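Please work through the exercises below with the sequence and the model side by side, and try each task before reading its solution.

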Amino acid sequence: VQLVESGGGLVQPGGSLRLSCAASGNFASINTMGWYRQAPGKQRELVAVVNSPGTTTYADSVKGRFTISRDNAKNTVYLQMNSVKPEDTAVYYCYTIVKSERALTFQYWGQGTQVTVSS
């Protein structure tokens with residue numbers, strides 16, 4: 001399974017950015033897709049995830065500012081980031097849990113995309 005991320009970059013405080021992540025490969029279905037981030041010197045942390053039924057989970061620090069969505073037909077997850085703050089600066093990693101045809105589950109990570117919030 002491959003995860004291809006796009007959309008990172010430099011954005012000013014208060015601005016917006018949209019991240020995308022497309023999954024491809026050999027799997028029967030996708031259970032979960034989402035985003036984690038890791039800032040320099042800090043542990044990787046959950047940003048937002050969306051499960052198959054469409055339920056979402058957000059970190060408290062991004063609630064009301066970030067929105068996660070999923071296009072099941074394209075096996076793609078999006079993260080709309082609004083009102084960004086300098087503390088949102090991090091490498092953002094796409095994450096997925098897929099199910100094989102034998103009903104086994106596997107998790108995969110993308111390579112990461114840098115988001116820098118600075119004036």
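**Exercise 1. The first strand and its partner**

Which residue in β3 is the bridge partner of Gln2? Then describe how the side chains of β1 are arranged.

Solution. The model is a predicted one, in which local features need pLDDT of at least 70 and side-chain atom pairs count only at pLDDT 80 or more, while totals for chains, interfaces and linings use all residues. Residues are numbered from 1 along each chain as its sequence is written, and side-chain values use heavy atoms, with hydrogens and water left out.

Step 1: Ser24 in β3 is the bridge partner of Gln2. Strands here are DSSP runs (E, at least two residues; helices are H or I, at least four), numbered from the N terminus.

Step 2: β1 (residues 2-6) and β3 (residues 17-24) pair in the antiparallel sense over 5 bridges, where two strands pair if DSSP finds at least two bridges between them.

Step 3: along β1 the side chains alternate, with Leu3 and Glu5 pointing to one face and buried, whereas Gln2, Val4 and Ser6 point to the other face and are not buried. Buried means under 20% relative accessible area, exposed over 50%, and partly exposed in between (1.4 Å probe, protein chains only).

**Exercise 2. The open sheet**

What is the strand order of the open sheet of 4 strands?

Solution. Step 1: the order is β1-β3-β8-β7, with antiparallel pairing. The edge strands are β1 and β7, each of which pairs on one side only.

Step 2: β7 and β8 pair over 6 bridges in the antiparallel sense, and within this pairing Ser69 stands opposite Tyr78 in β8.

Step 3: for a residue inside the sheet, take Ser20, which has its place in β3 and counts as buried because its relative accessibility is 15%. Not counting residues up to four places away in sequence, Ser20 touches Val4, Glu5, Ser6, Trp35, Val77 and Tyr78, contact being heavy atoms within 4.5 Å.

**Exercise 3. The nonpolar core**

Which residues have the most contacts inside the largest nonpolar core?

Solution. Step 1: a nonpolar core is a set of buried Ala, Val, Leu, Ile, Met, Phe, Trp, Tyr and Cys residues joined through side-chain atoms within 4.5 Å. The largest has 28 residues, and those with the most contacts inside it are Trp35, Val47, Phe66, Val77, Leu79, Met81 and Tyr92.

Step 2: β3, β4 (29-38), β5 (45-51), β7 (66-71), β8 (76-81), β9 (90-99) and β11 (113-117) each supply at least two residues of this core.

Step 3: leaving aside neighbours within four places in sequence, the contacts of Phe66 include Val47, Leu79, Met81 and Tyr92, and also Arg37 and Asp88.

**Exercise 4. The salt bridges**

Which residues are linked in a network of salt bridges?

Solution. Step 1: side chains of opposite charge can pair when their charged atoms come close. A salt bridge is a side-chain nitrogen of Lys or Arg within 4 Å of a carboxyl oxygen of Asp or Glu, and a search of the whole structure finds 4 of them.

Step 2: Glu45 and Arg37 meet at 2.8 Å, N to O; Glu45 is partly exposed at 36% relative accessibility, whereas Arg37 is buried at 5%.

Step 3: Arg37 also meets Asp88 at 3.0 Å, N to O. Arg37 lies in β4 and Asp88 in the loop between β8 and β9, so this pair ties together parts that are 51 residues apart in sequence.

Step 4: Asp88, buried at 0% relative accessibility, meets Arg65 in a salt bridge of 2.8 Å, N to O. Arg65 lies in the loop between β6 (56-58) and β7, so its pair with Asp88 ties together parts that are 23 residues apart in sequence.

Step 5: the network therefore links Arg37, Glu45, Arg65 and Asp88.
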